[in-house]
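These are my notebook entries on one residue and on the protein surface beside a DNA strand. I set down each point as I looked it up.

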2 protein chains.
Amino acid sequence: MVAKGPASADSARTRILDSAERIFVQKGFVGSSLRAITSAAGVNLAAAHYYFGSKQGLFKAVFCRCLAPINEQRLLALDTLLRENPKPDLRDILAAFLRPVMLHSNQDTLDLMAQMTAEPEELTNPILAEQFGELVTRYTAGLQLVFPKMREQELNVKLTFVIGAMLQTIFNRSFFINVDEVSKEEKCQQLLNFSVAGFLNNDQPGIPKEVELHD
Amino acid sequence: MVAKGPASADSARTRILDSAERIFVQKGFVGSSLRAITSAAGVNLAAAHYYFGSKQGLFKAVFCRCLAPINEQRLLALDTLLRENPKPDLRDILAAFLRPVMLHSNQDTLDLMAQMTAEPEELTNPILAEQFGELVTRYTAGLQLVFPKMREQELNVKLTFVIGAMLQTIFNRSFFINVDEVSKEEKCQQLLNFSVAGFLNNDQPGIPKEVELHD
DNA sequence: GTCTATATTGGGATAGAC
DNA sequence: GTCTATCCCAATATAGAC
């Protein structure tokens, strides 16, 4: 986008991204063929290689186009939060993390995120490291401000619960439990309530209480 | 197993199932080839078709061999619970649901379950309906005994959170959050604590309180 | 920058010998 | 019940014309 290219070229590239997004979401990486993607985009097979080099390159471009804006929002929200309050509230942190995902309007993006856990690791590991590494590090640090005495392992496990609940909720395909009639806003509220309560809970038999809220 | 067949035939069938389980877990359905599976099993390609009819048939056989025993345990535990106490405890119900999964020793089985959400729907829908339909119906009914006034939608959403947290925790591949050093037992305890607290929580802004615990 | 044509590889399934 | 050989199809990737 630095130099002004021909309009047709840019729209061909975008059309490939658009149809790739749709088909990757429906069929997964291995189940999607460049032929299906390019013919749905109305361009030639060779165009995909010209613009993205390989099927992997195309997948990465699709994923980053979807996820980068969301994760920027999440980091910006966390920054704002910590700047205003060096001892942040648990609910605010979780909201900063969950809202950009839960309230997002593009279902493809949500499905794509949820589906990443089942794609081939060779494909996903470099992409996830790039797109989620800093996010996880900084949110973990933020949560440690709220729970300064909680063991890191316990914090990681709880964060895993929250992420799992989030992914299962946004994903279009459930284990035969229909939540389609619940609005995005209500799901987000419920997930926040559920997660805050789960995080604060501490009566584990045989495990000493270590939570200490500020103030 | 009704009639006594030749030992070699039965062990060939089992060897195919074993290597299929391993490879399906690693590569997913689309990413696994019958050729890779049969050659890893030390049998001929045609043997897979002879015993299982098709790649789909083999996948279903693998999945059911793994999951059927777990879901039988879950239903049996629920039955026992409800027979002993017609007004069951929330924690007991969730434990009956989660324990057979969380404490299971075969990692392939756990990964297979977690990966199902991302496999092609044409493949998974019939299998999931058969293996999880009754389970979800009966556990939902059990939870309604605990929360007789909770809207069914809200109950479904919360159950989705629990299942998502479970799947994310048992899955071998996380979003760069390492929980490998935590024992299965501790993860199970933490998930139970988290889920019970999340279920009981009810202070949703703008949504009326409807939870009513028995007694 | 966009196309056609093709090289190369690998997939599921089946026929038919033994 | 187990094998070999093969049919048929689809995939990624690239070479090279325009």
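Entry 1. In which helix is T38(A) found? I located T38(A) in helix α2 of chain A. I note that the model is a predicted one.

Entry 2. I next asked whether T38(A) is buried or exposed. Its relative accessibility is 2%, and the limit for a buried residue is under 20%, so T38(A) counts as buried.

Entry 3. I then looked up the surroundings of T38(A). Its side chain reaches the backbone oxygen of L34(A) at 2.7 Å. Setting aside neighbours within four places in sequence, I found T38(A) in contact with V43(A), N44(A), L45(A) and A48(A).

Entry 4. I turned to DNA strand D, which has 15 residues around it. Those that come nearest are L34(A) and R35(A), along with N44(B), Y50(B) and Y51(B). By class, the residues of this surface comprise 6 nonpolar, 6 polar and 3 charged.

Entry 5. I checked polar contacts to phosphate oxygens of DNA strand D. For L34(A), a backbone N or O atom lies 3.0 Å from such an oxygen. A polar backbone atom of K55(A) is 3.3 Å from a phosphate oxygen of the strand. In Y50(B), a side-chain N or O atom is 2.6 Å from one.

Entry 6. Which elements give two or more residues to the surface near DNA strand D? I recorded α2 (34-41) and α3 (45-52) of chain A, and α1 (7-31) and α3 (45-52) of chain B. The largest share, 3 residues, comes from α3(B).

Entry 7. Finally, I looked at the strand's own atoms. Of those within 4 Å of the protein, 57% belong to sugar or phosphate, and the rest to bases.

Terms used:
Residues are numbered from 1 along each chain as its sequence is written. Chains are lettered from A and ligands numbered from 1 in the order in which they are written. This is a predicted model: local features need pLDDT of at least 70, side-chain atom pairs count only at pLDDT 80 or more; totals for chains, interfaces and linings use all residues. Side-chain values use heavy atoms; hydrogens and water are left out. A residue is near a molecule or strand if one of its heavy atoms lies within 4 Å of it. A polar contact is a pair of N or O atoms within 3.5 Å; within protein, one must be able to donate a hydrogen and the other to accept it, and residues adjacent in sequence count only if both atoms are side-chain atoms. Helices (H or I, at least four residues) and strands (E, at least two) are DSSP runs, numbered from the N terminus. Ala, Val, Leu, Ile, Met, Phe, Trp, Tyr, Cys and Pro count as nonpolar, Asp, Glu, Lys and Arg as charged, and the others, Gly among them, as polar. Buried means under 20% relative accessible area, exposed over 50%, partly exposed in between (1.4 Å probe, protein chains only). Contact means heavy atoms within 4.5 Å.
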